[in-house]
Amino acid sequence: MVTEDVSALLAGAGLAHADEDQTVVADPSLALDVPGLIAEQLRDTEDQAVRETFAAGWTVRRGQGYSVRVMALLSVHQAALDLCAGLAAEGAAPAGRKAYRVYADRITTASTTA
């Protein structure tokens, strides 16, 4: 009798079978190559999670520049991108804008395939 009352209350509140309707969005761990210009800016950031993540990354040399391969959760990559928004601002150097755009594209691609 009590379980029926609880079921009726939950159904009236729209909470019956809530576990079936809700989906849990996972925060996958991704290894992304971060342009060196962005990695340099993030090594001294105030966000401790981002700072530790980029300190643990390893350098990959390519041609004239370099990238830092970073293994982190998607949310950490997105937080790092938000911290570097100044590189994409008006009046920023072309290299900064390109580095920001490349990193943003890599995050977008990884998040759609993950």
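**Exercise 1. List the buried residues of H6 and find how they are arranged about the helix axis.**

Step 1. Gly96, Ala99, Tyr100, Tyr103, Ala104, Ile107 and Ala110 are the buried residues of H6. Buried means under 20% relative accessible area, exposed over 50%, and partly exposed in between, with a 1.4 Å probe and protein chains only. Helices (H or I, at least four residues) and strands (E, at least two) are DSSP runs, numbered from the N terminus.

The model is predicted: local features need pLDDT of at least 70, side-chain atom pairs count only at pLDDT 80 or more, and totals for chains, interfaces and linings use all residues. Residues are numbered from 1 along each chain as its sequence is written, and side-chain values use heavy atoms, leaving out hydrogens and water.

Step 2. Look down the axis of H6. The buried residues fall within an arc of 130°, so they line one face of the helix. The arc is that of the directions from the helix axis to the C-beta atoms.

Step 3. Turn to the other side of H6. Pro94, Ala95, Thr112 and Thr113 are exposed there.

Step 4. Find the packing partners. The buried residues of H6 pack against S1, helix H3 (36-42), helix H4 (48-55) and H5. Contact means heavy atoms within 4.5 Å.

**Exercise 2. Work out the strand order of the sheet and name its edges.**

Step 1. The open sheet has three strands in the order S1-S3-S2, with antiparallel pairing. Two strands pair if DSSP finds at least two bridges between them.

Step 2. Strand S1 (29-35) and strand S2 (58-62) are the edges: each has a single partner strand, so one side of each lacks a neighbour in the sheet.

Step 3. Check one pair. Seven bridges join S1 to strand S3 (residues 65-73). Leu32 has Val70 as its bridge partner in S3.

Step 4. Add the helix. H6 (residues 94-113) packs on the sheet and touches S1 and S3; its direction makes about 165° with that of S1. Axes are lines fitted to C-alpha atoms, for helices over the stretch in contact, and angles run from 0 to 180 degrees between N-to-C directions.

**Exercise 3. Find the salt bridge of Arg69 and place both residues.**

Step 1. Apply the rule: a side-chain nitrogen of Lys or Arg within 4 Å of a carboxyl oxygen of Asp or Glu. The count comes to one salt bridge.

Step 2. Arg69 pairs with Asp33, and the closest N and O atoms are 2.7 Å apart. Arg69 lies in strand S3 and Asp33 in strand S1, so the pair ties together parts 36 residues apart in sequence.

Step 3. Compare accessibility. Arg69 is partly exposed at 27%, whereas Asp33 is buried at 14%.
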